[in-house]
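I open this notebook to record what I looked up in one structure. The entries follow the order in which I turned to each topic.

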Amino acid sequence: MASGDIVPIELGLTDGDLVTLWAPRWRDGDDEWEAFLGHEDALYGFESVAELAAFIRTDTDNDLVDHPAWKVVAGLLAVELEPEDNFSFDLVGVPELVAGDPDSDTVAELEDTLAMVRNIGEVCELDTVTKFFGSHPALGALAGGVPAFAGREGQELWDQIGTAVAKSWDDVLDAIDSVVRTPDVDAAAVSIAEAELLAAEENVVDADDAADSDEDSDFEPVDLDEDDTDTDEDEEDSFWHEVGIDPVKIVTAAGSYFTLRCYLDDEPIFLGAKKTILVFPSERALARYLADDHDHDLARVSTYSDVQTAAVDGSLEVEVTDENVYVLPGLADDLADGPEAVDVDQLDLAVELFTDAADYADDDAVEQALAKSTPLGWYVSYLLNPDPTRMAPNPPYDAEAQAWRELERNFEARLSPQ
């Protein structure tokens with residue numbers, strides 16, 4: 001999902017699954033926009049990809065026609081408008097998700113689904129949806145992944161999310177259902193799109209048949225290495241380790257972003273240029289960017305060509321490990337509340353991120369702000385390097401929290417959303 005893209009998505013709603021288009025945030029001059037396929041107060045949804053394809057080829061009066069990529073999308077084959085698995089959001093299934101255990105798949109799916117619901121609420125100006133997120137701060141814990149729900153406190157957080165969904169989710173669904181419309185579509189255009197989809201399906205079948213016919217049925221294949229499958233999986237898992245570059249996820253108040261970082265002679269290098277870090281709204285958007293030639297600092301790393309090759313051939317999997325997930329919202333407030341309120345692990349990660357970004361930009365502001373001679377530096381050092389002989393910081397902690405917020409603002413100013 002590169003900058004300026006329009007993405008097909010599937011929404012599981014009360015009356016069934018519908019497909020539509022979503023345009024993530026894009027810039028138009030000094031303005032920033034986000035939109036869905038729709039018109040005025042209506043969000044358009046279609047029961048089939050063929051109907052969606054037919055509509056965008058024939059309609060010129062909707063909220064996406066002025067998008068930079070609209071002409072490109074309107075010229076796509078119908079099969080290219082089928083939503084990918086990671087862009088399918090089952091809104092009706094949210095209560096079932098929160099009723100289960102907070103494993104990695106459940107937490108990731110719930111986070112992605114709620115993020116899309118929040119997007120719809122903001123774009124369609126649905127007060128019920130906005131109120132739902134504003135009234136339940138525990139929802140923000142999803143960005144921390146499974147570790148956020150470990151232990152007694154984590155279980156309480158998960159229970160709070162379940163309670164919020166049980167109490168208000170029907171209202172959230174009703175609000176979204178109320179703005180969804182299915183406009184009339186030209187029947188002839190639908191038929192053309194259906195034929196394209198059928199032809200694409202037949203091509204896949206023909207290709208599979210051809211592959212089967214190439215196999216010599218007189219010989220039974222012999223597995224020379226029973227561990228081949230495991231080896232392939234290990235190779236996929238270790239790809240980023242082998243190239244020495246890490247995918248990074250950064251959660252800010254404005255949203256979640258993805259980028260890359262590595263170290264050369266212990267010096268951090270980000271995917272960026274001119275002291276600015278390029279960030280993307282999804283793993284897929286990042287992968288698409290990597291498939292093209294761009295001028296950025298990471299390109300000088302010798303193994304970057306391996307990353308680009310994998311992105312070009314479609315084999316690249318952008319997977320962020322827990323130690324490379326940085327969640328910034330809430331830390332300043334926790335610092336203001338006192339040492340016991342602070343998630344020390346998340347603070348440690350945030351300090352690492354701020355320091356790396358500052359080193360990348362040849363800026364010593366973070367180092368100065370976190371020096372032990374400053375109130376914030378003493379506070380942070382007390383938390384990250386506990387020593388029973390040290391004197392604890394004294395409340396109130398307003399000055400320290402304000403200094404942290406300044407570091408956070410300066411860091412976010414280095415990010416360049418694509």
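**Entry 1: the second largest pocket.** I began with the elements that line this pocket, and I found that β2 (16-28), β3 (31-36), β5 (42-44) and α4 (104-123) each supply at least two residues of its lining. I note at the outset that the model is predicted. Which element gives the largest share of the lining? I found that it is β3, with 4 residues. I then looked up the volume, and the second largest pocket holds about 490 Å³ of space. Its lining is made up of 23 residues, of which Trp33, Glu34, Ala35, Asp63 and Val123 are the closest to the centre. Sorted by class, the lining has 12 nonpolar, 2 polar and 9 charged residues.

**Entry 2: cavities.** I next asked how many cavities of 30 Å³ or more the structure holds. The count is 2. For the largest cavity I recorded about 60 Å³ of space. Its lining consists of Phe354, Ala357, Ala358, Ala365, Val366, Leu407, Asn410, Phe411 and Arg414. Two or more of these residues come from each of α13 (344-360), α14 (365-369) and α16. By class I noted 7 nonpolar residues, 1 polar and 1 charged in this lining.

**Entry 3: helices α15 and α16.** Since α16 had appeared in the cavity lining, I looked up its packing against α15. Helix α15 covers residues 375-384 and helix α16 covers residues 398-413; their axes come within 9 Å and cross at roughly 90°. Angles of 65 to 115 degrees count as roughly perpendicular, and the two helices are therefore roughly perpendicular to each other. On the α15 side the contact is made by Pro375, Leu376 and Tyr379, and on the α16 side by Glu400, Ala403, Trp404 and Leu407. I classed these residues as 6 nonpolar, no polar and 1 charged. Leu407 of α16 takes part in this contact and also lines the largest cavity.

**Entry 4: an open sheet.** I then traced a sheet of 4 strands, which is open, has mixed pairing and follows the order β10-β9-β8-β13. Which strands lie at its edges? They are β10 (267-270) and β13 (325-327), each of which pairs on one side only. On average, neighbouring strands of this sheet are turned by 30° against each other, direction ignored.

I followed the pairs in turn. Strand β8 (residues 245-252) runs parallel to β13 and is joined to β13 by 3 bridges; isoleucine 250 has tyrosine 326 of β13 as its bridge partner. Strand β9 (residues 255-264) runs antiparallel to β10, with 4 bridges between them. There, leucine 264 is the bridge partner of glutamate 267 in β10. The hairpin of β9 and β10 has 2 residues between the strands, and aspartate 265 takes a positive phi near 55°.

**Entry 5: strands β11, β12 and β14.** I closed with a further hairpin, formed by β11 and β12 with 2 residues between them; in its turn, lysine 274 has a positive phi of about 55°. Strand β11 (residues 272-273) and strand β12 (residues 276-279) run antiparallel and are joined by 2 bridges. Glycine 272 has isoleucine 277 of β12 as its bridge partner. What stands opposite isoleucine 277 in β14? I found leucine 415. Strand β14 (residues 415-417) runs parallel to β12, and 3 bridges join the pair.

Definitions and conventions
Residues are numbered from 1 along each chain as its sequence is written. This is a predicted model: local features need pLDDT of at least 70, side-chain atom pairs count only at pLDDT 80 or more; totals for chains, interfaces and linings use all residues. Side-chain values use heavy atoms; hydrogens and water are left out. Two strands pair if DSSP finds at least two bridges between them. Axes are lines fitted to C-alpha atoms, for helices over the stretch in contact, and angles run from 0 to 180 degrees between N-to-C directions. Angles under 35 degrees count as roughly parallel, over 145 as roughly antiparallel, 65 to 115 as roughly perpendicular and the rest as oblique. Contact means heavy atoms within 4.5 Å. Ala, Val, Leu, Ile, Met, Phe, Trp, Tyr, Cys and Pro count as nonpolar, Asp, Glu, Lys and Arg as charged, and the others, Gly among them, as polar. On a 1 Å grid over the protein atoms alone, a cavity is a set of points where a 1.4 Å probe fits but cannot get out, and a pocket is an open set with protein on both sides within 12 Å along at least five of seven lines; lining residues have an atom within 4 Å of a point. Grid points are joined across faces, edges and corners, and a volume is the space filled by probe spheres set on the points.
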